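Trainee: Hey, got a minute to walk me through this one? I'd like to know where to start looking.

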Amino acid sequence: MPPLAALSVALAAALDLLVGEPPGRAHPVAWFGRAVAPLDRAWSRPGLVGAVAALALPLTAAGVVGGVVALAAVASPLAGAVLAGLALWTTTSLRMLLGVARDVVGLTERDLSAARERLRALAGRDADALSAPQVRSAAVESAAENLADGLVASLLAFAVAAAWTGLAGGTLAATLAAAAGAAAWVKGVNTLDSMLGYRSKPVGTASARLDDLVMWVPARVSAGLLAAAALAPGALRAARVPAAEPASPNSGWPMATLAAALAVRLEKPGAYDLRLGEALPTVDQAERGVATVGRAGLLAVALAGVAAWP
């Protein structure tokens with residue numbers, strides 16, 4: 001039998017391919033979101049509350065997930081691996097991301113109003129005045145950015161924690177618990193940022209800064225995966241300067257790399273304009289962009305499985 005951490009990665013990928021997202025009511029990330037929701041209000045000391053939440057909530061999630069996996073692994077190594085795989089599945093998403101992005105791109109040809117509405121499931125921006133090319137641009141940008149947020153970050157945390165613990169001589173239970181807990185911690189950090197990390201919400205400042213730190217490596221790894229998936233190694237070099245245009249220190253890397261690979265311009269009006277081509281993406285270019293994200297995601301899964309093998 002292959003090392004069980006690698007089996008967990010394979011199980012998570014298979015569930016995402018076959019099932020997609022867990023039902024909302026049974027989704028642990030939704031449970032975590034409900035725990036975060038009461039923080040989204042005015043506080044007399046928002047900086048302190050936000051800092052405590054940014055530290056405590058993801059660590060609590062990691063502790064719960066890691067503890068459950070450890071207990072299961074002590075009783076049965078295979079059961080521990082299955083639970084670790086289930087935990088990883090709930091912290092990653094590729095099938096839904098690709099499905100929504102394809103829907104948006106396809107709808108821009110047939111029903112622009114429907115495309116704008118569908119875009120809301122993918123990108124947090126006002127789409128009412130966007131043209132069809134701008135909607136396609138948003139779909140491509142969001143697919144690239146969410147590759148890092150929704151897949152690579154948790155996969156990378158899982159694989160690195162599994163490899164590190166295993167090579168350090170940790171028990172199987174410790175290895176699986178560390179891997180699942182690391183994935184849960186990263187997802188907790190990312191969820192806090194997505195809910196609270198806005199300039200209008202002072203309580204979310206600490207969460208946003210922590211997410212910037214945590215996503216630094218995954219964003220750049222995702223850019224490398226996109227360049228590899230597009231067979232365009234020069235895209236990374238071309239992305240270096242425009243990657244700094246978005247306010248986020250991380251999101252520009254996968255977006256600019258994919259724009260360079262497709263030789264297109266990607267634009268969020270009033271925020272950034274990644275001019276790595278002469279025009280916003282056509283339907284064909286946008287579809288190729290979404291397909292490239294899919295290949296990069298599969299490559300990420302394969303590499304995570306290899307890294308978790310020791």
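**Cores, helices and a hairpin**

Mentor: Start with the largest nonpolar core: among its 74 residues, Val9, Leu119, Leu155 and Val293 touch the most other members. Keep in mind that this is a predicted model.

Trainee: Okay, and which helix gives the largest share of this core?

Mentor: Helix H7 does, with 13 residues. In general, nonpolar side chains tend to be buried together in soluble globular proteins.

Trainee: You mentioned Leu155. What does Leu155 touch, not counting residues up to four places away in sequence?

Mentor: Val9, Leu88, Thr92, Ala300, Val301 and Ala304. There's also another core lying apart from the largest one. That other core has eleven residues, including Ala153, Val186, Leu210 and Val214.

Trainee: Let's switch to helix packing. How do people describe two packed helices?

Mentor: By the angle between their axes and the distance between the axes.

Trainee: So what are the numbers for H5 and H7?

Mentor: H5 covers residues 95–110 and H7 covers residues 132–167. Their axes come within 9 Å and cross at roughly 170°.

Trainee: Roughly parallel or roughly antiparallel, then?

Mentor: Roughly antiparallel, because angles over 145 degrees are put in that class. On the H5 side the contact is made by Leu97, Ala101, Val104, Val105 and Thr108. H7 brings Ala132, Val135, Arg136, Ala139, Ser142, Ala143, Asn146 and Leu147.

Trainee: How many of those are nonpolar, polar and charged?

Mentor: Nine are nonpolar, three polar and one charged in the contact of H5 with H7.

Trainee: What about H4 and H8, how do they pack?

Mentor: H4 is residues 77–91, and H8 is residues 172–196. The axes are 9 Å apart and the angle is about 10°. H4 and H8 are therefore roughly parallel to each other, since angles under 35 degrees count that way.

Trainee: Which residues make that contact?

Mentor: From H4 you have Pro77, Gly80, Ala81, Ala84, Ala87, Leu88 and Thr91. From H8 come Leu172, Leu176, Ala180, Ala183, Ala184 and Lys187. By class, the contact of H4 with H8 has ten nonpolar, two polar and one charged.

Trainee: While we're in H8, is Ala178 buried, partly exposed or exposed?

Mentor: Partly exposed, because its relative accessible area is 28%, and the partly exposed class lies between 20% and 50%. Leaving aside neighbours within four places in sequence, Ala178 is in contact with Ala161 and Thr165.

Trainee: One more pair: what angle do H3 and H9 make?

Mentor: About 40°, with the axes of H3 (residues 46–75) and H9 (residues 205–214) 7 Å apart. That makes H3 oblique to H9. Gly50, Ala51 and Ala54 in H3 meet Ala206, Ser207 and Leu210 in H9. That contact has four nonpolar, two polar and no charged residues.

Trainee: New topic: strands. How do S1 and S2 run?

Mentor: They run antiparallel, and four bridges join S1 (residues 265–268) to S2 (residues 272–275). Leu266 stands opposite Leu274 in S2, and Lys268 has Tyr272 as its bridge partner.

Trainee: And how many residues sit between the strands of that hairpin?

Mentor: Three, and Gly270 in this hairpin takes a positive phi near 85°.

Trainee: Which other residues have a positive phi without being glycine?

Mentor: Leu231 is one, at about 55°, and Ala263 is another, with phi near 55°. As a rule, most residues other than glycine have a negative phi.

Trainee: Where are those two, in helices or in loops?

Mentor: In loops: Leu231 lies between H10 and H11, while Ala263 lies between H12 and S1. Leu231 counts as exposed because its relative accessibility is 77%. Ala263 is partly exposed, with a relative accessible area of 46%.

Trainee: Last one. Where's Arg125, and is it buried or exposed?

Mentor: Arg125 is in the loop between H6 and H7. At 15% relative accessibility Arg125 counts as buried, because the cut-off is under 20%.

Trainee: What does Arg125 touch, ignoring residues up to four places away in sequence?

Mentor: Leu130, Ala138, Glu141, Glu267, Lys268 and Tyr272. You've already met two of those names: Lys268 and Tyr272 are bridge partners.

Notes: Residues are numbered from 1 along each chain as its sequence is written. This is a predicted model: local features need pLDDT of at least 70, side-chain atom pairs count only at pLDDT 80 or more; totals for chains, interfaces and linings use all residues. Side-chain values use heavy atoms; hydrogens and water are left out. Two strands pair if DSSP finds at least two bridges between them. Axes are lines fitted to C-alpha atoms, for helices over the stretch in contact, and angles run from 0 to 180 degrees between N-to-C directions. Angles under 35 degrees count as roughly parallel, over 145 as roughly antiparallel, 65 to 115 as roughly perpendicular and the rest as oblique. Contact means heavy atoms within 4.5 Å. Ala, Val, Leu, Ile, Met, Phe, Trp, Tyr, Cys and Pro count as nonpolar, Asp, Glu, Lys and Arg as charged, and the others, Gly among them, as polar. Buried means under 20% relative accessible area, exposed over 50%, partly exposed in between (1.4 Å probe, protein chains only). A nonpolar core is a set of buried Ala, Val, Leu, Ile, Met, Phe, Trp, Tyr and Cys residues joined through side-chain atoms within 4.5 Å.
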